[in-house]
Amino acid sequence: MDAFGNGKSGGSTSVPPDEITVGGLIEFLSARSSSPLSFRYQGNAVRRGYHVTEVKSANFSALDCGANPEAWTEIFVQLWDVDDAPEQMAAGKFVAILRKVTQHVDLDMQAKLTFEVSDGNQPIQLYRAGPPTVVDDAILVDLTPRPASCKPRDRWLEGQEMPCCPPSSGSGSRCCS
């Protein structure tokens, strides 16, 4: 487990080191509760009046392209990118929102963290959260698009097991043909 709470999540999916878990984010922000908190996506910071509209915990069960069963927990934080507040939300307020959620919803603190962001006009888009940075006492969390992946190939690249779809596979591969 690293300083941002990354390690194995509930199930077979691990959180990559360039992402942060909900527990890692809470821990980081709790130590800097008075600092303004901002998120950046598509090259721009969310507007200072952004609103946390929903926090969800989801348990997924799936079958990957290699016919391997997969199970994981993912936490979704929905941000509404609006400008209707006089100042940026403090990290402590964001943590208080997440802690309030934990009183009603079981959040796996080691789960993959996904942000759903929309300005109310554009459709919600999914982003992964990178480790926060501190710039002039303000906290910035970069959100980057969450790409699709092939779990057997990802495991193969990590050296954990052979994939069903190695990069040089021909049409005889059971999941790529």
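Two residues are in contact here when heavy atoms of theirs lie within 4.5 Å. With that in hand, let us walk through the chain: among its contacts between residues at least 6 apart in sequence, 64% join residues at least 24 apart. What you see is a predicted model, in which local features need pLDDT of at least 70 and side-chain atom pairs count only at pLDDT 80 or more, while totals for chains, interfaces and linings use all residues. Residues are numbered from 1 along each chain as its sequence is written, and side-chain values use heavy atoms, with hydrogens and water left out.

The chain holds 3 helices and 8 strands, taken as DSSP runs (H or I of at least four residues for helices, E of at least two for strands) and numbered from the N terminus. Starting at that end, the order is α-β-β-β-β-α-β-β-β-β-α. Of the 177 residues, 39% count as buried, meaning under 20% relative accessible area with a 1.4 Å probe and protein chains only; over 50% is exposed, and partly exposed lies in between.

Helix α1 (residues 22–30) is a good place to begin, as 7 of its 9 residues are buried. These are V22, G23, G24, L25, I26, F28 and L29. Their cover includes β1, β4, α2, β5 (112–118), β7 (133–135) and β8 (138–145). F28 also has a charged partner: R32 lies over the face of its ring, at 3.9 Å from the ring centre. For such a placement, NZ of Lys or CZ of Arg must be within 6 Å of the ring centre and within 35 degrees of the ring normal.

Now to the rings themselves. The whole structure has 6 aromatic pairs, where rings of Phe, Tyr and Trp (its six-membered ring) pair if their centres lie within 6.5 Å, with planes under 30 degrees apart called stacked, over 60 edge-to-face and the rest tilted. F39 and F94 have ring centres 5.5 Å apart and planes at 50°, so their pair is tilted. This pair bridges 55 residues, from F39 in strand β1 (residues 37–41) to F94 in helix α2. Both F39 and F94 are buried. The rings of F60 and W72, in turn, are stacked, because their centres are 5.1 Å apart and their planes at 20°. Here F60 belongs to strand β3 and W72 to strand β4 (residues 69–80), 12 residues apart. F60 is partly exposed at a relative accessible area of 31%, whereas W72 is buried at 12%. K151 lies over the face of W72, at 4.4 Å from the ring centre. Ring pairs also link F39, Y50, F94 and F115 into a cluster.

F39 turns up again around L140, a residue of strand β8. L140 is buried, with a relative accessible area of 16%. Leaving aside residues up to four places away in sequence, L140 touches S38, F39, R40, P132 and T133. L140 and R40 are 100 residues apart in sequence, yet 7.1 Å apart in space, C-alpha to C-alpha.

Let us finish at the second largest pocket, with a volume of about 180 Å³. It has 13 lining residues, and G49, Y50, H51, M89 and K93 lie nearest its centre. β3 (51–63) and α2 (91–102) each supply at least two residues of this lining.

How values were computed: 1 Å grid on protein atoms, 1.4 Å probe; cavity = no way out; pocket = protein on both sides within 12 Å on 5 of 7 lines; lining within 4 Å. Points joined across faces, edges and corners; volume = space filled by probe spheres on them.
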